[in-house]
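Student: I've got a new model open and I'd like to talk it through. Can you take my questions one at a time?

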Amino acid sequence: MLDTVSGRKHEAIAQAALTLFASDGYERTSVDAIAAEAGVSKRPIYSHYGDKENLFLSVVRDTYEGRLARIAEIVDRTTWERDLRCSLTDCVTEITRSIARAPERSTLARLLITEAPHFPSLIDLMHTRAVTPLIAAPLASLGGAGRLAISDATQAAEHLAALTFDQVNSRSLMGTLPLSDAETNRLIASGVRVFLRAYNPVG
């Protein structure tokens, strides 16, 4: 239960676990090492998480969902009533920068790539809690209002992501190579332009 660990101690454990799992891998990371890194005994770790596997899955899930919560906030505060090219460009750019500047970005990417084959639930996490459903909701509304020619909002969101986020990720090798703001902006602007051309309601 959450009340068995104070908020500050819980945060220290989660950060230590995320760091060590990413640097040493799941198998080589011990609960002893996590406790030492967090500056706690093993007891609160076991009392809160039960075992190392549940600790690992909980930390990855919480970190990933924290990222999605930040993205949802960006989508919610986007003003969609104005020029669509500006709205989409601003929204996608802010999401991209939020992800790029998140301190856990490379850590989370490494964990998902290296450990997902051993933990199918991580793959389910990425599929069921992806970014595209967050973007699909406003796109569906825009389609309903006749501002975009959209029959499948989820597919449209996937197309937008492929033309923007995926281009930035590919060019930066998932954030491992530096990408200038100018290059990021160029990729996003190009992707949005192609997306609007494809979903233009007047053909």
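Student: How many helices and strands are there in the chain?

Tutor: Keep in mind that this is a predicted model. Reading from the N terminus, the elements run α-α-α-α-α-α-α-α-α-α-α. The count for the chain is therefore 11 helices and zero strands.

Student: What box do the C-alpha atoms fill, along the principal axes?

Tutor: Some background on the chain helps here: 44% of its 203 residues count as buried. Among contacts between residues at least 6 apart in sequence, 67% join residues at least 24 apart. As for the box, the C-alpha atoms fill roughly 65 × 35 × 30 Å.

Student: Which helix gives the most to the largest nonpolar core?

Tutor: Nonpolar side chains tend to be buried together in soluble globular proteins. Here the largest nonpolar core has 59 residues, and Ile34, Leu139 and Phe195 are among those with the most contacts inside it. The helix giving the most to this core, with 10 residues, is H4 (residues 52–77).

Student: Isoleucine 34 caught my eye. Which residues is it in contact with, leaving aside neighbours within four places in sequence?

Tutor: Ile34 is one of the residues with the most contacts inside the largest nonpolar core, and Ile45 and Leu55 are also in that group. Both of those turn up among its own partners. The full set for isoleucine 34 is Ile13, Ala16, Ala17, Leu20, Phe21, Thr29, Ile45 and Leu55.

Student: Is threonine 132 buried or exposed?

Tutor: Threonine 132 sits in helix H8. Not counting residues up to four places away in sequence, it touches Ala157, Glu158 and Ala161. Its relative accessibility is 16%, and the cut-off is under 20%, so threonine 132 counts as buried.

Student: Now H11. Which helices do its buried residues pack against?

Tutor: H11 covers residues 181–198, and its 18 residues reach 26 Å from first C-alpha to last, close to the 26 Å expected. Its buried residues are Glu183, Thr184, Leu187, Ile188, Gly191, Val192, Phe195 and Leu196. An α-helix has 3.6 residues a turn, so residues three or four places apart point the same way. The buried residues of H11 pack against H5 (84–101), H8 (132–144), H9 (153–163) and H10 (165–171).

Student: Last one: how far apart are the mean positions of the positive and negative charges?

Tutor: The chain exposes about 10900 Å², with carbon and sulfur atoms supplying 52% of it. For the charges, there are 22 positive and 24 negative ones to average. Their mean positions are apart by 5 Å.

Note on methods: Residues numbered from 1 in each chain as written. Predicted model: local features only at pLDDT ≥ 70, side-chain atom pairs only at ≥ 80, totals over all residues. Heavy atoms only, no water. Helix = DSSP H or I, 4+ residues; strand = E, 2+ residues; numbered from the N terminus. Expected span 1.5 Å × (residues − 1). Buried < 20%, exposed > 50% of the residue type's maximum accessible area, 1.4 Å probe, protein only. Contact = heavy atoms within 4.5 Å. Areas by Shrake-Rupley, 256 points an atom, 1.4 Å probe, with all protein chains shown as cover. Lys, Arg positive; Asp, Glu negative; His and termini not counted. Charge placed at Lys NZ, Arg CZ, Asp CG, Glu CD. Core = buried A, V, L, I, M, F, W, Y, C linked by side-chain atoms within 4.5 Å.
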